[in-house]
Amino acid sequence: IFGVGLGNSHEKFQYLFASESDFIFAVIGEELGMLGCLLTLVLLTAIILRCVWVARRAKTRMESLVCIGVASTVIFQVIVNVGMCLFVMPVIGLTLPFISYGGSSLLMLFVSMGMVSGVQGRSKPEWLR
């Protein structure tokens, strides 16, 4: 339930290839246990729900579609990465959003979240600006 402790993982040095990118969820499971995995999934779910909330408050349809697109991208990446770590999906090299080591993936996620933040900033009523 609690894992072996942060930084005490042995599998990342012996059995898991690309443990810092493709199989980071497996390393989180070993080091932080089931509670760490659940906390990771809860935080990613909060990001997804926030994107959907911003999409519902968007002024235009295009802004709403951008936010839903970002949310669906994050959902897809989470499902595929967790499925790869559980060996129920093929290993295709998709990173876990905001957690895995990967420069271009992380950069694009930050750019996408910046677009969602811009939509949120424009969706506020005039008296709150």
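This report describes the fold, helix packing and selected residues of a predicted model.

## Overall fold

The chain contains four helices and zero strands. Read from the N terminus, its elements follow the order α-α-α-α. The chain has 129 residues, and 35% of them count as buried.

Three of the helices come up repeatedly below. Helix α2 covers residues 24-57, helix α3 covers residues 61-85, and helix α4 covers residues 103-122.

## Helix packing

Two packed helices are described by the angle between their axes and the distance between the axes. For α2 and α3, the axes come within 9 Å and cross at roughly 165°. An angle over 145 degrees counts as roughly antiparallel, so α2 is roughly antiparallel to α3. The crossing of this pair is left-handed.

The axes of α2 and α4 also come within 9 Å, with a crossing angle of roughly 40°. These two helices are therefore oblique to each other. Here too the crossing is left-handed.

## A contact between distant residues

C85 belongs to helix α3. In sequence, C85 and A26 are 59 residues apart, while their C-alpha atoms are 5.7 Å apart in space. A26 falls within the residue range of helix α2, which runs over 24-57.

C85 has a relative accessibility of 11%. The cut-off for buried is under 20%, so C85 counts as buried.

## The salt bridge

The salt bridge count for the model is one. It is formed by the side chains of E63 and R122, with an N to O distance of 3.2 Å. The pair links distant parts of the chain, since E63 sits in helix α3 and R122 in helix α4, 59 residues apart.

The two partners fall into separate accessibility classes. E63 counts as buried because its relative accessibility is 15%. R122, with a relative accessible area of 45%, is partly exposed.

## Nonpolar surface patch

A nonpolar patch on the surface is formed by I1, F2, M34, L35 and L38. Together these residues have about 550 Å² of accessible area.

One of them, L35, lies in helix α2. Its relative accessibility is 41%, so L35 counts as partly exposed. Membership of a patch requires over 30% relative accessible area, and the 41% of L35 meets that requirement.

## Loop residues with positive phi

Two phenylalanines in the loop between α3 and α4 have backbone angles to check in the structure: F87 and F98. Phi of F87 is near 60°, a positive value in a residue other than glycine. F98 is likewise not a glycine, and its phi is positive at about 65°.

Their accessibility classes are as follows. F87 has a relative accessible area of 62% and is therefore exposed. F98 has a relative accessibility of 26%, so it counts as partly exposed.

How values were computed: Residues numbered from 1 in each chain as written. Predicted model: local features only at pLDDT ≥ 70, side-chain atom pairs only at ≥ 80, totals over all residues. Heavy atoms only, no water. Patch = residues over 30% accessible without salt bridge, like charges linked within 9 Å, V, L, I, M, F, W, Y side chains within 5 Å. Areas by Shrake-Rupley, 256 points an atom, 1.4 Å probe, with all protein chains shown as cover. Salt bridge = Lys/Arg side-chain N within 4 Å of Asp/Glu carboxyl O. Buried < 20%, exposed > 50% of the residue type's maximum accessible area, 1.4 Å probe, protein only. Axes fitted to C-alpha atoms, helices over the stretch in contact; angles between N-to-C directions. Parallel < 35°, antiparallel > 145°, perpendicular 65-115°, else oblique. Left-handed = near helix turned anticlockwise from the far one by under 90°.
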